[in-house]
Amino acid sequence: MSPGDKLCVPGDKLCVPGDKLCVPGDKLCVPGDKLCSTEDCVPGTGVYLRHGYIHSSLAGYVLRKNKGEELPVISVVRETETQPLPHVGAIVTCKVTSINPRMAKVQILYVGSTPLKDPFRGTIRKEDVRATEKDKVETYKSFRPGDIVLAKVISLGGVQSNYLLTTAENELGVVIARGEAGAQMVPISWCEMQCPRTHAKEYRKVARVQQEYTCRHEDVSIAGSLGGATLFHTEHTEHPILNQADMHGPFAKS
Amino acid sequence: MHSALQDKVGEVLLPGDMFSFESSPETIGLTASSRCSDKVVCGPGLRRDGDRVQACKSGLLRHKPPNVYWIESQQRRYVPTKGECVIGIVTAKSGDVFKVDVGGSEQASLSYLALEGATKRNRPNVQVGDLVYGQLLIANKDMEPELVCVDRSGRSNGMGVFGEGGLMFKVSLGLVRRLLSPQRDIVRDLEQLFPCELVIGLNGRVWVKSSSVQRTLVIANLLDSCENMTAQQRQSLFRRVAEGAL
């Protein structure tokens, strides 16, 4: 059940204090609001119990679900759909925001194939970039700011630290990167990408993209196909980021 | 393409000047096999754009046979580049790392272990304001530059902290390259004048020390004025100074 599209501006009258919340609808509440008593409902998420009453602990919509048992479950949600949080082992798509010799800082945009409403921050440490020769890794030769990277979550981090991510697998790493000239580069090996316009090669830790990891990035348009890379699979992938528009890059084999 | 570039060697080019591979009415692309002997290596200031070469700096076009072309430009602003030896000024000490100003947009970091003879127990004696001559290990537009004063084997090779009693001043990058060129005209002329110690950093900074403060200042002024002089003007100026100072 959804709260509906009831928008409001500061100052709008929502309801009168004392309104009984009997029918689930678009009832808004703020932290501290007394919703009902423990005898009427079972507490769900976003609520707390105090002196035998259920109070809201979030500012949002009140939801009542009738599970079929005696008492309905009352909960308060901020948004209509709950967004999926990255869990340990999830494959996430992120964008590199800054690099320094020890690590790369990224912004997590998609978890699996669902976009996140608010991007989370993640960190890829130098030793988590690849599986072999961890001490010889140079961050500048693996990522650059602006690259789109597929990574796996290895730790949720603490309160003050970001998600810890790793790209130490063949299928993880840089998926889309722009070269110095601004054109999108085509991968030519697991550690190099080439710009189709200037033919300049740049180092990246490139991902071998597989069919099941699809994302829906619409803001990136691509010029070449992965099918021509010599050391890679020469299949068309279902990756929408890399879905090409009938253009063959300079390295495509016809 | 070669002929088009050869014509322009020694001439002033502006950003946007293009050289294409066309020499016949039908355009032949770069991938055509008939053009494989026409290889051009682009140095600094020249960029390849599809099948054309474009100048992206203003300056003189230079050529080194067989096929290397580059643009020699005069600029005063230094952009940190990997592998260059520069003079830096220590601005801050934070923990294990010194912050050094090399003239770029960001300050470079110098780890205290990157100086010769430094161990965890034996910390180097570096104060804020010291001059340091080192090599840039990491320098690119995305990261903070990193400076080291030892080479790969751990020896200093003349790098490290220096600067007692001399004067450091700034010149343009073109003059610095001329000072360090294999011909060394300017330095040779200067040697005949006064004995002095010179440290030249590729970031446009030069440090001079001579036997007296006056001589140091004279040499500094001479180097500054060498910027826009031809060889003859420079030699006549040096001769006049030699006669006048004695």
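**Exercise 1. Salt bridges in the whole structure and in chain A**

Starting from the total of 15 salt bridges that a search of the whole structure finds over all chains, work out how A:R144, A:E180, A:E202 and A:R204 are connected in this predicted model, and state how far each of these residues is buried or exposed.

*Solution.*

Step 1. Take A:R144 and A:E180, whose side chains meet in a salt bridge with an N to O distance of 3.3 Å. This pair links distant parts of the chain, since A:R144 lies in the loop between β10 (114-125) and β11 (148-155) of chain A, while A:E180 lies in the loop between β13 (173-176) and β14 (186-187), 36 residues apart.

Step 2. Assign the surroundings of the two partners. With a relative accessible area of 11%, A:R144 falls under the 20% limit and is therefore buried, whereas A:E180, at 54%, lies over the 50% limit and is therefore exposed.

Step 3. Turn to A:R204 and A:E202, whose side chains form a salt bridge at 3.0 Å, N to O. Here A:R204 counts as buried at 2% relative accessibility, and A:E202 counts as buried at 7%.

Step 4. Join the pairs. A network of salt bridges links A:R144, A:D147, A:E180, A:E202 and A:R204, and the two pairs treated above thus both belong to this network.

**Exercise 2. A salt bridge between partly exposed residues**

Describe the salt bridge of A:E138 and A:K141, and classify each partner by its relative accessibility.

*Solution.*

Step 1. The side chains of A:E138 and A:K141 meet at 3.8 Å, N to O, and this value satisfies the criterion of within 4 Å.

Step 2. A:E138 has a relative accessibility of 37% and A:K141 has a relative accessible area of 36%, so that each counts as partly exposed.

**Exercise 3. The fold of chain A**

Which secondary structure elements does chain A hold, and what percentage of the residues in chain A is buried?

*Solution.*

Step 1. Chain A has zero helices and 16 strands.

Step 2. Of the 254 residues in chain A, 39% are buried.

Step 3. When contacts in chain A between residues at least 6 apart in sequence are considered, 53% of them join residues at least 24 apart.

**Exercise 4. The interface of chain A and chain B**

Characterise the interface between chain A and chain B by its residues, its buried area and its polar interactions.

*Solution.*

Step 1. Ten residues from chain A and nine residues from chain B take part in the contact.

Step 2. The size of an interface is often given as the accessible area that is lost when the parts come together. Between chain A and chain B about 890 Å² is buried, and carbon and sulfur atoms give 56% of this area.

Step 3. On the side of chain A that touches chain B, the residues divide into four nonpolar, three polar and three charged.

Step 4. The rule finds zero salt bridges across this interface, and the count of residue pairs in polar contact, with both residues at pLDDT 80 or more, is likewise zero.

**Exercise 5. Cysteines without a disulfide**

Why does B:C42 form no bond to the closest cysteine sulfur?

*Solution.*

Step 1. Over all chains, the structure holds zero disulfides.

Step 2. The closest cysteine sulfur to that of B:C42 is in B:C56, at 9.3 Å, and this is too far for a bond, because a disulfide requires the sulfur atoms to be within 2.5 Å.

Step 3. As to accessibility, B:C42 is partly exposed at 31%, and B:C196 also counts as partly exposed, at 29%.

Terms used
Residues are numbered from 1 along each chain as its sequence is written. Chains are lettered from A and ligands numbered from 1 in the order in which they are written. This is a predicted model: local features need pLDDT of at least 70, side-chain atom pairs count only at pLDDT 80 or more; totals for chains, interfaces and linings use all residues. Side-chain values use heavy atoms; hydrogens and water are left out. Contact means heavy atoms within 4.5 Å. Buried area is the accessible area (1.4 Å probe) that two parts lose on being put together, summed over both. A polar contact is a pair of N or O atoms within 3.5 Å; within protein, one must be able to donate a hydrogen and the other to accept it, and residues adjacent in sequence count only if both atoms are side-chain atoms. Ala, Val, Leu, Ile, Met, Phe, Trp, Tyr, Cys and Pro count as nonpolar, Asp, Glu, Lys and Arg as charged, and the others, Gly among them, as polar. Buried means under 20% relative accessible area, exposed over 50%, partly exposed in between (1.4 Å probe, protein chains only). Helices (H or I, at least four residues) and strands (E, at least two) are DSSP runs, numbered from the N terminus.
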